[in-house]
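Trainee: I'd like to go through this one by asking how each label is earned. Can we take it step by step?
Mentor: Sure, have a look first and then fire away.

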Amino acid sequence: RILIGIEEESDFQVVGRLIGPKGANMKNIVEKVPDAKIRIRGRGSRFLEGPQQVESTDPLMICVTASRSESFETAATLVEELLRKVQSEYARYCQRRGRPEPMHAVLRE
């Protein structure tokens, strides 16, 4: 699990930025690491879980799984790079709107 550290909001659309146009960002990672699976889950993800098919109330996160440890490391590193890029975009977004700049760290759990 890699915490995103940004709440989903309609103006910034962090989930859409992570997924990319037509899923391009996720497809790019999976093309480089075919046995990796990547899911965005948590509040605002629109990912429905469990038998009741409801969105988790956990903070937004990216979940990475792979069948081999080296594949997991490669996929997780690519996800972290993407997340750093989106976090930088969010800092600029906040700056332009006169909001305090958030302090972000990419945290893998």
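Mentor: Let's settle the charge bookkeeping before anything else: Lys and Arg count as positive, Asp and Glu as negative, while His and the chain ends are left out. On that basis the protein chain has 18 positive and 16 negative side chains. The centres of the two sets lie 4 Å apart. Keep in mind that this is a predicted model.

Trainee: What makes up the secondary structure of the protein chain?
Mentor: Three helices and six strands. Reading from the N terminus, the order is β-α-α-β-β-β-β-α-β.

Trainee: And why is the protein chain called as compact as a globular protein of that length?
Mentor: Set the radius of gyration against the globule rule: the protein chain comes out at 14 Å, and the rule gives 13 Å for 109 residues. Those values are close, so the label holds. As for outer dimensions, the C-alpha atoms fill a box of roughly 45 × 35 × 30 Å along the principal axes.

Trainee: How much of the protein chain counts as buried?
Mentor: 38% of the 109 residues. The accessible surface is about 6,600 Å², and carbon and sulfur atoms account for 52% of that. On the contact side, take the pairs at least 6 apart in sequence: 55% of them join residues at least 24 apart.

Trainee: On to the rings. How many aromatic pairs does a search of the whole structure find?
Mentor: Three. One of them is F12 with Y93, at 5.1 Å centre to centre and 50 degrees between the planes.

Trainee: Why is the pair of F12 and Y93 called tilted?
Mentor: Stacked needs planes under 30 degrees apart and edge-to-face needs over 60, so the rest are tilted. With 50 degrees between the planes, F12 and Y93 go in that last group.

Trainee: What does the pair of F12 and Y93 tie together?
Mentor: F12 sits in the loop between β1 (2-3) and α1 (14-19), and Y93 in helix α3 (residues 69-96), so the pair links parts that are 81 residues apart in sequence.

Trainee: How do you know whether F12 is buried or exposed?
Mentor: Buried means under 20% relative accessible area. F12 is at 2%, so F12 counts as buried. Y93 is also at 2%, and therefore counts as buried.

Trainee: What makes Y90 and Y93 a stacked pair?
Mentor: The planes have to be under 30 degrees apart. For Y90 and Y93 the angle is 25 degrees, with 5.7 Å centre to centre. Both residues are buried. They are three residues apart in helix α3, which means about one helical turn between them. Put F12 together with Y90 and Y93 and you have one aromatic cluster.

Trainee: Now the backbone. What makes Q13 stand out?
Mentor: Its phi. Most residues other than glycine have a negative phi. Q13 is not a glycine, yet its phi is positive, about 55 degrees. Q13 belongs to the loop between β1 and α1. R46 has a positive phi too, about 65 degrees, and is not a glycine either. R46 is in the loop between β2 (36-41) and β3 (48-49).

Trainee: Why is R46 called exposed, and what is Q13 called?
Mentor: Exposed means over 50%, and partly exposed is what falls between that and the buried cut-off. R46 is at 56%, so R46 counts as exposed. Q13 is at 43%, so Q13 counts as partly exposed.

Trainee: Which residues is E8 in contact with, leaving aside neighbours within four places in sequence?
Mentor: Q13 and R46 are among them, along with V14, V15, R43, G44 and L60. E8 lies in the loop between β1 and α1, and at 23% relative accessibility E8 counts as partly exposed. E8 and R43 are 35 residues apart along the chain, with 7.4 Å between their C-alpha atoms.

Trainee: Last one: how do you know whether S71 is buried or exposed?
Mentor: S71 has a relative accessible area of 4%, and the cut-off for buried is under 20%, so S71 is buried. S71 is in helix α3 and touches V33, D35 and A66, not counting residues up to four places away in sequence.

Conventions:
Residues numbered from 1 in each chain as written. Predicted model: local features only at pLDDT ≥ 70, side-chain atom pairs only at ≥ 80, totals over all residues. Heavy atoms only, no water. Helix = DSSP H or I, 4+ residues; strand = E, 2+ residues; numbered from the N terminus. Rg over C-alpha atoms; globule rule 2.2 N^0.38 Å. Buried < 20%, exposed > 50% of the residue type's maximum accessible area, 1.4 Å probe, protein only. Contact = heavy atoms within 4.5 Å. Areas by Shrake-Rupley, 256 points an atom, 1.4 Å probe, with all protein chains shown as cover. Charge placed at Lys NZ, Arg CZ, Asp CG, Glu CD. Phe/Tyr/Trp six-rings, centres within 6.5 Å; stacked < 30°, edge-to-face > 60°.
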